[in-house]
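User: I am new to this structure. Please show it, and then I will ask how each label is justified.

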Amino acid sequence: MTPELLRFLWELCRAGNMAATPVMEDEVFAVASESVNGQEVAGRWLGAVVVGSPDELGRLLSSGLAAWQAVPDQVAGE
């Protein structure tokens, strides 16, 4: 994935208040909206994570959920 594609996907999800559901070993819903609070996300999509930037989305997609969650200061399913 190129940085441009990641930025496009992240901005699309953020602007459209949508979740991305990549096909990966651990099912995850990636939400890219700072305006959505953690309880709304958890209530709507079980196991959802909020990705705060295109770089975070790229790390989630390339390394998987466990590696993404291992990075300090991440918001995951709160």
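User: Which helix has the lowest mean pLDDT among the elements of the chain, and which element has the highest?
Analyst: This is a predicted model, in which local features need pLDDT of at least 70, side-chain atom pairs count only at pLDDT 80 or more, and totals for chains, interfaces and linings use all residues. Residues are numbered from 1 along each chain as its sequence is written, and side-chain values use heavy atoms, leaving out hydrogens and water. Helix α4 (residues 65-69) has the lowest mean, 63, and α1 the highest, 91; pLDDT is the predictor's confidence in each residue, from 0 to 100. Helices are DSSP runs of H or I with at least four residues, strands runs of E with at least two, numbered from the N terminus.

User: How do you know that the span of α1 agrees with its number of residues?
Analyst: The expected span is 1.5 Å times one less than the number of residues. For the 14 residues of α1 this should be 20 Å, and the end C-alpha atoms are 20 Å apart, so the two agree.

User: What makes L6, W10 and C13 the buried residues of α1?
Analyst: Buried means under 20% relative accessible area, exposed over 50%, and partly exposed in between (1.4 Å probe, protein chains only). L6, W10 and C13 of α1 are buried, whereas E4, F8 and A15 on the other side are exposed.

User: Why are L6, W10 and C13 said to be on the same side of α1?
Analyst: The arc is taken from the directions from the helix axis to the C-beta atoms. These residues cover only 65 degrees, which puts them on the same side of α1.
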